[in-house]
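Got the model open in your viewer? Here is a walk through it, stop by stop, with something to select at each one.

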Amino acid sequence: MTGKVYLVGAGPGDPELLTLKALKLLRSADVVLHDDLISADILAFIPSSTLVHNVGKRFGQKRISQTEIHALMVQNALLGLQVVRLKSGDPLIFGRAGEEMEALRQAGIEFEIVPGVTSAFGAAANAQIPLSHRHVSSAVVLVTGHHAGAGEFADWPAKIPTDATVVVYMPGYDYRSTAQQLLRAGVADTTPCAIVSQATLPNEQVHVTTVEDLHRSPRLPSPTLLVVGEVVRLAKPSALQFGWQRDFVSNSSVSSVPQERA
Ligand SMILES: C[S@@+](CC[C@H](N)C(=O)[O-])C[C@H]1O[C@@H](n2cnc3c(N)ncnc32)[C@H](O)[C@@H]1O
């Protein structure tokens with residue numbers, strides 16, 4: 001009998017953000033193929049008898065190609081095994097799940113997607129940034145800063161609505177280019193932004209700045225993502241601890257948003 005492949009989201013890192021379904025599958029899988037960004041605390045849920053492969057490809061040092069990952073999933077399923085393909089965050093957000101689903105369909109392998117908490121949501125929750133806010137932000141745009149390779153599509157929307165919150169995954173450290181890209185898409189240079197490093201993990205850090213000052217930001221440890229939008233003014237006070245940041249918060253139009261009606 002052919003096995004089954006589960007494309008499972010592991011969330012942003014905090015093991016408590018794993019879904020019950022993901023935990024159950026990690027405990028019962030025959031094989032786990034995981035990305036680099038999966039935290040040790042999450043890998044610790046996998047029984048020692050399970051075959052575990054790190055199929056991550058970080059920093060351009062390709063240990064294993066995408067085609068080889070497809071082959072591993074298919075071969076193990078054809079052996080009748082239950083395979084968990086464990087991805088950081090949610091598998092359907094910048095996680096190549098589309099390509100993996102296509103490969104599994106072509107091979108006639110049954111599969112299921114188990115959603116996870118995407119890192120933007122983990123980062124926003126911990127920094128207390130409401131990604132949408134009915135008086136400030138009516139849209140959330142997820143983009144990738146990763147430079148496109150051949151055949152990849154990485155153009156940002158030509159025009160980002162002024163009241164949108166933008167989350168840049170894989171922003172890298174070329175903050176000047178990222179700021180230019182945001183400006184080209186119509187984002188104002190005074191718009192606040194937050195770099196969130198290692199969201200939901202014990203060493204999480206948040207650096208708040210504006211699009212015009214983004215290039216002065218420190219290189220925080222990877223993985224990072226960038227949240228851009230007026231809603232960043234509502235971040236938790238400890239993320240806004242520096243003097244000038246306090247000024248920028250108190251000058252905020254957000255501080256005068258109408259109160260919710262009881
Ligand atoms: C290949 S993408 C995978 C995204 C993932 N599928 C998700 O839904 O979060 C990897 C990028 O996700 C972001 N990321 C993942 N985990 C993160 C974390 N704990 N803190 C900050 N950013 C994270 C970073 O931008 C990283 O470069």
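Start with the ligand, and keep in mind that this is a predicted model. Select the ligand and bring up its surroundings: 17 residues surround it, and the closest are Ile93, Thr118, Ser119, Met170 and Thr224. Colour that shell by residue class and you get 10 nonpolar, six polar and one charged residues. Now colour by domain instead. The shell takes at least three residues from domain 1 (4-114) and at least three from domain 2 (119-252).

Next, turn on distances around the ligand. Which backbone has a polar atom 2.7 Å from a nitrogen atom of the ligand? That is Ile93. Pro12 also uses its backbone here, with an N or O atom 2.8 Å from a ligand nitrogen. For a side chain, pick Thr118, where a polar atom sits 2.6 Å from an oxygen atom of the ligand. How much of the ligand's own 570 Å² of accessible area does the protein cover? The answer is 89%.

Stay with the ligand shell and click on Met170, one of the closest residues to the ligand. Met170 is in the loop that runs between β7 (164-169) and α6 (175-184). Buried or partly exposed? Partly exposed, because its relative accessibility is 39%. Show its contacts beyond four places in sequence and you should find Phe94, Thr144, Gly145, His146 and Thr224. While you are there, draw a C-alpha to C-alpha line from Met170 to Val143: 27 residues separate them along the chain, and the line comes to 8.9 Å.

Zoom out for a moment and switch to cartoon. You are looking at seven helices and 10 strands in a chain of 262 residues, 46% of which count as buried. If you like contact maps, take the contacts with a separation of 6 or more: 68% of them join residues 24 or more positions apart. Put a surface on the protein chain and its accessible area is about 13500 Å², with 53% belonging to carbon and sulfur atoms.

Back to close-ups. Select Thr165 in strand β7. Thr165 counts as buried because its relative accessible area is 0%. Its side chain has two polar contacts to look at. One reaches the backbone oxygen of Leu131 at 2.6 Å, and another joins the side chain of Ser137 at 2.8 Å. Beyond four places in sequence, the contacts of Thr165 also take in Ala139, Val140, Val141, Val227, Val228 and Val231.

Now hop to Ser197, in strand β8. With a relative accessible area of 0%, Ser197 is buried too. Which residues does Ser197 touch beyond four places in sequence? Asn203, Glu204, Gln205, Leu220, Pro221, Pro223 and Thr224. Its C-alpha atom is 6.7 Å from that of Leu225, which is 28 residues away along the chain.

One of those contacts of Ser197, Pro223, deserves its own stop. Pro223 is in the loop between β9 (205-210) and β10 (224-228). Look at the peptide bond leading into it from Ser222: it is cis, with omega near -5 degrees.

Pull up a Ramachandran plot for the next pair. Most residues other than glycine have a negative phi. Gln128 goes the other way, with a positive phi of about 55 degrees although it is not a glycine. You will find Gln128 in the loop between α5 (119-127) and β6 (139-144), and it counts as partly exposed because its relative accessibility is 48%. Thr200 has a positive phi as well, about 70 degrees, and is not a glycine either. Thr200 is in the loop between β8 (192-197) and β9. With 10% relative accessibility, Thr200 counts as buried.

Last stop: Ser39, in the loop between β2 (31-34) and α2 (40-43). Why does Ser39 count as buried? Its relative accessibility is 11%, and the cut-off for buried is under 20%. Leave out residues up to four places away in sequence, and Ser39 touches Gly13 and Leu201.

Methods
Residues are numbered from 1 along each chain as its sequence is written. This is a predicted model: local features need pLDDT of at least 70, side-chain atom pairs count only at pLDDT 80 or more; totals for chains, interfaces and linings use all residues. Side-chain values use heavy atoms; hydrogens and water are left out. A residue is near a molecule or strand if one of its heavy atoms lies within 4 Å of it. A polar contact is a pair of N or O atoms within 3.5 Å; within protein, one must be able to donate a hydrogen and the other to accept it, and residues adjacent in sequence count only if both atoms are side-chain atoms. Accessible areas come from the Shrake-Rupley method with a 1.4 Å probe; for residues, only the protein chains shown count as cover. Ala, Val, Leu, Ile, Met, Phe, Trp, Tyr, Cys and Pro count as nonpolar, Asp, Glu, Lys and Arg as charged, and the others, Gly among them, as polar. Domain bounds come from an automatic or database domain assignment. Helices (H or I, at least four residues) and strands (E, at least two) are DSSP runs, numbered from the N terminus. Buried means under 20% relative accessible area, exposed over 50%, partly exposed in between (1.4 Å probe, protein chains only). Contact means heavy atoms within 4.5 Å.
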